[in-house]
Amino acid sequence: MSAPAPSPLAIVDAEPLPRQDEVLTDAALAFVAELHRNFTARRDELLTRRQDRRAEIARTSTLDFRPETAEIRAGDWKVAPAPAALNDRRVEITGPTDRKMTINALNSGAKVWLADFEDASAPTWENVVLGQLNLIDAYERRIDFTDPGSGKSYALKDADQLATVVMRPRGWHLEERHLQFDGRPVPGALVDFGLYFFHNAQRLIDLGKGPYFYLPKTESYLEARLWNDIFVFAQDYVGIPQGTVRATVLIETITAAYEMEEILFELKDHAAGLNAGRWDYLFSIVKNFRDGGAKFVLPDRNAVTMTAPFMRAYTELLVRTCHKRGAHAIGGMAAFIPSRRDAAVNKVAFEKVKADKDREAGDGFDGSWVAHPDLVPIAMASFDAVLGDKPNQKDRLREDVSVAPGDLIAIDSLDAKPTYDGLVSAVQVGTRYIEAWLRGLGAVAIFNLMEDAATAEISRSQIWQWINAGVVFENGEKATAELARKVAAEELAAIRAEIGEDAFAAGKWQQAHDLLLKVSLDADYADFLTLPAYDQLVG
């Protein structure tokens, strides 16, 4: 298909960046414009459907597998076989697409790198455009980096030692205000996907790989259908074979957990697998059942381990569903950031990471995520022990697994309660993460854990839920707006004392404090923290 001329109504509203012309070419912008014209209206309809589904959940306080898609669940079908570059995914590393991370992730020894334009990246225009440029440079092997502080230089290893890239665009809810066509902003997902696909689809085919994607925050099989139609259109547009694109869908919303088979079916020729995204999944449970009463109140986030009965139902169902349909099942994140100064902290954390990865490999997952290169060998050992020389364990069908609809939302099956320390922790993590995000950082080390937007979402959602449910903590204090404000003020004062006046003034601490309280205390619950935060993001 020949590319149309760029729209005269295309507007890039941002300060010019170095080498941006290599990304924002006329041909690439014309492609993004076509995506926008063909698919944004459907995206808008699907966002409205999300609101309708949420209203239904508020009325019924329940969810079930969809009766209208029973035939798909009962059918005998499989997704397309995995391409060679995605057949062995036993360890995947995640992270943003800044220049240093690009090199380190590709060199990490992991089988896959989730190159993240979503929760691990604050969507400043610089991050959006230069992240694309870094990936182009990596595929062209013209990327290097010298740390201005240490003077240490970074360069790519040989091609056969590099991780396969699976790129994650932004979720459907976010706009890209810096790029407009026909008088309105383009959805961030179409900007991220469009620029990456247009520039790299053929490059990746030439490297023996392909344009592979992680799809975030999917809430229904109809959203998967939209992505599939986008893939079909995009492959025709640039003239590559149908089925070249492969997508792994994050099952990180409670509604998607009831539609896993349907999601794989919609993407059948382009499906690579499903992933269990823990923090966003908990955030989605709170968001959807926030007014469902005491039985839906989550305890402290760190008390909700993957062995909690309702989380176990979710992961077991995911493995069974994927293997029944010939898809990869990818496990959750090990977010620990090793300390260079405290070996004792590392020892305890490494043991927890190993136990978590041993459990996932034993449950039938084909791979799992880590946030730091030092965790790659630990996760690799867990999966090597189970897989041996096999690339995956999709032959383990897990037909022993049986999950009833109520099992996925049996929150009260967990024997744990919210605590005052949990409230303090939610305020601490929320404040520190939002401050960094407002400065353009999406992946942030906080208390030896790599946090991204999902952990900030669960933090502010739990504050909201505990207050609205009238939770009484173990110390006798009741969760109230006044208590949250008190804890937030104490945290702000502690940060000021910790980092000093100059650093405090140079940061965005007061702004972060105010935004956290707004999204935690407003009666009108914001669907996503990143929506009001994006209005305050500079750049």
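Which side chains meet in a salt bridge at 3.0 Å, N to O? Asp280 and Lys217 do, and the first close-up below starts with them. This is a predicted model, in which local features need pLDDT of at least 70, side-chain atom pairs count only at pLDDT 80 or more, and totals for chains, interfaces and linings use all residues. Residues are numbered from 1 along each chain as its sequence is written, and side-chain values use heavy atoms, with hydrogens and water left out.

**Close-up 1. Asp280 and Lys217 form a salt bridge.** A salt bridge here is a side-chain nitrogen of Lys or Arg within 4 Å of a carboxyl oxygen of Asp or Glu. Asp280 sits in helix α9 (residues 278–289) and Lys217 in the loop between β9 (212–215) and α6 (221–238), so the pair ties together parts that are 63 residues apart in sequence. Helices (H or I, at least four residues) and strands (E, at least two) are DSSP runs, numbered from the N terminus. Asp280 has 5% relative accessibility and counts as buried; Lys217, at 4%, counts as buried too. Buried means under 20% relative accessible area, exposed over 50%, and partly exposed in between (1.4 Å probe, protein chains only).

**Close-up 2. Glu498 forms a salt bridge with Arg432.** Their closest N and O atoms are 3.1 Å apart. Glu498 belongs to helix α15 (residues 481–499) and Arg432 to helix α13 (residues 420–438), so this pair ties together parts that are 66 residues apart in sequence. Glu498 is exposed, with a relative accessible area of 52%, whereas Arg432, at 15% relative accessibility, counts as buried.

**Close-up 3. Glu482 and Arg485 meet within helix α15.** The N to O distance in this salt bridge is 3.9 Å. Being three residues apart in the helix, the two are separated by about one helical turn. Glu482 counts as exposed at 54% relative accessibility, while Arg485 is partly exposed at 41% relative accessible area.

**Close-up 4. Strand β12 pairs with β11 and β13.** Strands pair if DSSP finds at least two bridges between them. β12 has three bridges in the parallel sense with β11 (residues 271–276), and three in the parallel sense with β13. Look for Met333, which stands opposite Trp369 in β13. Six of the seven residues of β12 are buried, so this strand is largely enclosed by the rest of the structure.

**Close-up 5. Helix α11 begins beside Asp342.** Here, a side-chain oxygen of Asp342 reaches to within 3.2 Å of the backbone nitrogen of Ala344. Just after α11, Gly364 takes a positive phi of about 110°.

Note on methods. Polar contact = N/O pair within 3.5 Å; in protein donor to acceptor, adjacent residues only side chain to side chain.
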